[in-house]
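Reader: Could you take me through one part of this structure in some detail? I would like to see how a single helix sits among its neighbours, and then how the interior around it is organised.

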Amino acid sequence: MTNITILSRQVTAYHHARFRAAGQLFDSVDILSLANQGKFAEILSQRSEEGYRLHRVFPDLDAYRRAALDGSAAAAIQTLLDKLDPEVVAIAGWASAESYAALTWAKSKRRSVVLMSDSQAHDVSRNALRDWIKGRVVRCCDAGLAAGRSHRDYLVQLGLPRNQVRLGYDAVDNAHFSSGAEAARADAKATRGRLGLPESYILASARFIEKKNLLCLVEAYCRAREGLLEPPDLLIAGDGDGRAMLEHSVERLGLTDFVHLPGFYGYDDMPALYALSSGFVHVPQSEQWGLVVNEAASSGLPMVLSAECGAATELLQEGQNGWLCPATDCDAIAMAVREMLCLSPDRSAEMGQASREIVADWGPERFANELAEAARIAILAQRKPLSLIDRKIVRYMSQKVIEAVA
């Protein structure tokens with residue numbers, strides 16, 4: 001179709017699946033991976049590229065941050081873009097030095113820009129000045145690839161025409177999770193022993209940080225199991241700075257024997273972790289998307305999700321594959337978790353199948369198809385050079401390292 005260069009902070013297993021799918025549709029796909037280091041090494045892709053070319057710009061986050069602050073990141077990016085000379089540049093959001101560098105390059109070369117975004121208007125408290133600045137940046141782009149409808153609405157609010165925004169940015173390798181889950185269920189006893197899993201449990205998977213709302217989840221689970229005869233345990237996969245507080249809460253509630261905090265599991269083990277659980281719970285206070293929801297749905301699970309989780313808008317249909325709750329309402333979460341704990345095997349299987357059917361339309365192939373359509377829209381758009389005020393905004397923002405929700 002065309003030549004595209006995509007900028008990403010790092011390439012995780014999720015990115016690998018998307019980029020591999022994109023490689024089937026574009027004439028060439030080049031990935032500029034800026035930092036090559038995530039918050040947790042377990043999620044970084046160790047696979048070789050298939051269908052795309054990977055350019056690792058900096059060795060780690062520290063090198064990236066230094067380069068972003070002193071301006072050498074912009075120079076490195078623009079040098080690479082000069083060499084690759086893509087027709088379309090796809091940038092991941094507006095909150096990074098690399099996005100501004102790529103946008104400046106594209107405007108100077110009269111190339112097209114696709115903005116990929118999973119920000120929502122309600123993710124954080126919004127500031128009128130910041131949103132004005134974002135709006136100026138967004139309107140410099142030629143098309144958008146948003147995660148879902150609420151994410152598209154925010155791009156439209158910021159000034160990108162609705163008919164120039166496609167949906168499907170956040171995707172995982174559905175086949176990895178569905179096939180891995182089936183294999184684990186076919187050999188459940190051996191898999192359970194190998195991974196040290198409880199005989200019966202519901203699953204959560206998250207970083208141990210405040211916005212993931214794990215203290216509320218543990219409290220809700222405690223209420224949900226009251227009066228039930230041998231209900232499933234709760235296993236929370238992950239780790240983080242909030243571990244000590246979470247452990248204290250588990251002990252205070254008398255749940256030491258029933259709530260398990262085993263740490264991280266590798267990408268290849270996660271399908272089994274989902275498969276042998278009775279259901280999945282993810283109730284963050286705020287979450288732009290939540291790729292763990294895709295994973296759980298692909299693995300065939302009923303789900304309890306918070307309304308603040310971006311993926312819930314697209315991947316949860318109440319009454320069919322799960323329950324939706326406000327993150328701030330522990331009573332509502334407890335009621336939903338209790339219903340999950342009491343599901344019959346047949347009803348659980350029905351809801352799990354519904355999850356598979358819903359998420360089937362949100363895999364890497366959708367990402368590739370919608371990115372291709374966004375690229376087509378961008379190429380046809382009337383491209384204008386940056387105005388004086390936009391150049392000043394982009395230059396100012398390019399000197400900042402922004403790692404918070406945008």
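Author: Happy to: here is a look at one helix, followed by the cores and the chain as a whole. Please keep in mind that this is a predicted model.

Let us begin with helix H9, which covers residues 214–224. Helix H9 is mostly covered, with eight of its eleven residues buried. Those buried residues are Leu214, Cys216, Leu217, Val218, Ala220, Tyr221, Cys222 and Ala224. As for what they pack against, the partners include four strands: S8 (201–205), S9 (233–237), S10 (259–263) and S11 (280–282). Two helices, H10 (243–252) and H14 (330–341), also pack against the buried residues of H9.

Now for the nonpolar interior. Nonpolar side chains in soluble globular proteins tend to be buried together. In this chain the largest nonpolar core holds 83 residues, and the members that touch the most others are Leu32, Trp94, Leu273, Tyr274, Phe280 and Val293. Helix H4 (residues 97–109) gives this core its largest share, seven residues. There is also a second, separate core of 33 residues, with Ala204, Val304, Trp323 and Ala336 among them.

Val293 is a good place to zoom in. Leaving aside residues up to four places away in sequence, Val293 touches Phe280, His282, Met303, Leu305, Cys309, Ala311 and Leu315.

For a contrast with these interior positions, turn to Val156, which lies in helix H6 (residues 149–158). Val156 has a relative accessibility of 25%, and because buried means under 20% and exposed means over 50%, it counts as partly exposed. Val156 and Gly290 are separated by 134 residues in sequence, and their C-alpha atoms lie 22 Å apart in space.

Stepping back, the chain has 17 helices and 13 strands. Its radius of gyration is 22 Å, close to the 22 Å that the globule rule gives for 406 residues, so the chain is as compact as a globular protein of that length. The C-alpha trace spans about 70 × 40 × 40 Å along its principal axes. Of the 406 residues, 58% are buried. Among contacts with a separation of 6 or more, 73% are between residues 24 or more positions apart.

Finally, the outside: the chain exposes about 17000 Å², and carbon and sulfur atoms supply 49% of that area. The chain carries 45 positive and 51 negative charges, whose mean positions are 9 Å apart.

How values were computed:
Residues numbered from 1 in each chain as written. Predicted model: local features only at pLDDT ≥ 70, side-chain atom pairs only at ≥ 80, totals over all residues. Heavy atoms only, no water. Rg over C-alpha atoms; globule rule 2.2 N^0.38 Å. Buried < 20%, exposed > 50% of the residue type's maximum accessible area, 1.4 Å probe, protein only. Contact = heavy atoms within 4.5 Å. Areas by Shrake-Rupley, 256 points an atom, 1.4 Å probe, with all protein chains shown as cover. Lys, Arg positive; Asp, Glu negative; His and termini not counted. Charge placed at Lys NZ, Arg CZ, Asp CG, Glu CD. Core = buried A, V, L, I, M, F, W, Y, C linked by side-chain atoms within 4.5 Å.
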